Amino acid sequence: MMPPVREKIYADANGEVLCDYILNRTKVTLHLSFKEGAWTPSKFKRYKQIFKGMLKDFEDKKYTEVYATPFENDVKAQKLITMFGFKEFARNGGFVLMKRGV
C-alpha cells in the first residue's frame, strides 16, 4: 500500500481542511483546523454546504468512508465533527476515532 497523500482541500481566513487519501484509496481522513471563536450559525451553514461539495467530490472519486480523529480530551472538536454527521466507533491512544459514509 502506498503512503497517504495529504492535500489541502479547503482554506479561508478562519481555518483549513486537510485530507489524507489512504487505505487502498477507498477511505479518506480529514484534518480540521479552525480559529477559536470562528464559528457562528451562518458560518456553520456555509461550511456545511462546502462539506457537502467535498463529499460529492469524494463520491465521484469512489471513496466510501471519511474518518476524523479528534483528541480524546477535545470535547469541542468531537461535537463539531459530530455536527457534520460523523459517529464515534472507537477510542485509541488519546484519540476518538470517528467516521461517516460518503
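Hi everyone. Read along the sequence, our protein chain goes β-β-β-α-β-α-β-β. Counted up, that makes two helices and six strands. Please keep in mind that this is a predicted model. The average pLDDT of the protein chain is 88, and 95% of the residues reach at least 70. If we go element by element, strand S5 has the highest mean pLDDT, at 97, and S3 the lowest, at 85.

Let me start with the overall shape. What radius of gyration does the protein chain have? It has 13 Å, and because a compact globule with 102 residues would come out near 13 Å, the two agree. Along the principal axes, the C-alpha atoms fill a box of roughly 40 × 30 × 20 Å. Of the 102 residues, 33% count as buried. The accessible surface adds up to about 6,600 Å², and carbon and sulfur atoms hold 57% of that. Now look at contacts with a separation of 6 or more: 48% of them are between residues 24 or more positions apart.

Next, please find strand S4, residues 65-68. Is S4 covered on its faces or open? Both faces are covered: Glu65 and Tyr67 on one side are buried, and so are Val66 and Ala68 on the other.

Which strands pair with S4? One of them is S3, residues 27-34, which runs parallel to S4 and is joined to it by three bridges. If you'd like a pair to click on, threonine 29 has tyrosine 67 in S4 as its bridge partner. To get from S3 to S4, the chain passes through helix H1, residues 41-60, in a right-handed β-α-β crossover.

Strand S6, residues 95-101, also pairs with S4, this time in the antiparallel sense and over four bridges. Here, glutamate 65 stands opposite glycine 101. That is the Glu65 we met a moment ago among the buried residues of S4.

From S6 we can step over to S5, residues 87-92, which runs antiparallel to S6 with five bridges between them. In this pairing, alanine 90 is matched with leucine 97 in S6. How many residues lie between S5 and S6 in their hairpin? There are two, and glycine 93 in the turn has a positive phi of about 60 degrees.

Let me finish at the other end of the chain, with two neighbours in sequence. Asparagine 14 sits in the loop between strand S1, residues 5-12, and strand S2, residues 15-22. Is asparagine 14 buried or exposed? Its relative accessible area is 18%, so asparagine 14 counts as buried, the cut-off being under 20%. What does asparagine 14 touch, leaving out residues up to four places away in sequence? Its contacts are Ser33, Phe34, Lys35, Ala38, Lys43 and Tyr47.

Glycine 15 is already in strand S2. With a relative accessibility of 14%, glycine 15 counts as buried too. Again leaving out residues up to four places away, glycine 15 touches Tyr10, Ser33 and Phe34. For a sense of distance, try leucine 55: it is 40 residues from glycine 15 along the chain, and their C-alpha atoms are separated by 18 Å.

One last reminder for anyone zooming in: where pLDDT is low, the predicted coordinates should not be read in detail. Thanks for listening!

Technical notes
Residues are numbered from 1 along each chain as its sequence is written. This is a predicted model: local features need pLDDT of at least 70, side-chain atom pairs count only at pLDDT 80 or more; totals for chains, interfaces and linings use all residues. Side-chain values use heavy atoms; hydrogens and water are left out. Buried means under 20% relative accessible area, exposed over 50%, partly exposed in between (1.4 Å probe, protein chains only). Two strands pair if DSSP finds at least two bridges between them. A crossover is right-handed if, with the strands pointing away from the viewer, the path from the first strand over the helix to the second runs clockwise. The radius of gyration is taken over C-alpha atoms; the globule rule is 2.2 Å times the number of residues to the power 0.38. Contact means heavy atoms within 4.5 Å. Accessible areas come from the Shrake-Rupley method with a 1.4 Å probe; for residues, only the protein chains shown count as cover. pLDDT is the predictor's confidence in each residue, from 0 to 100.
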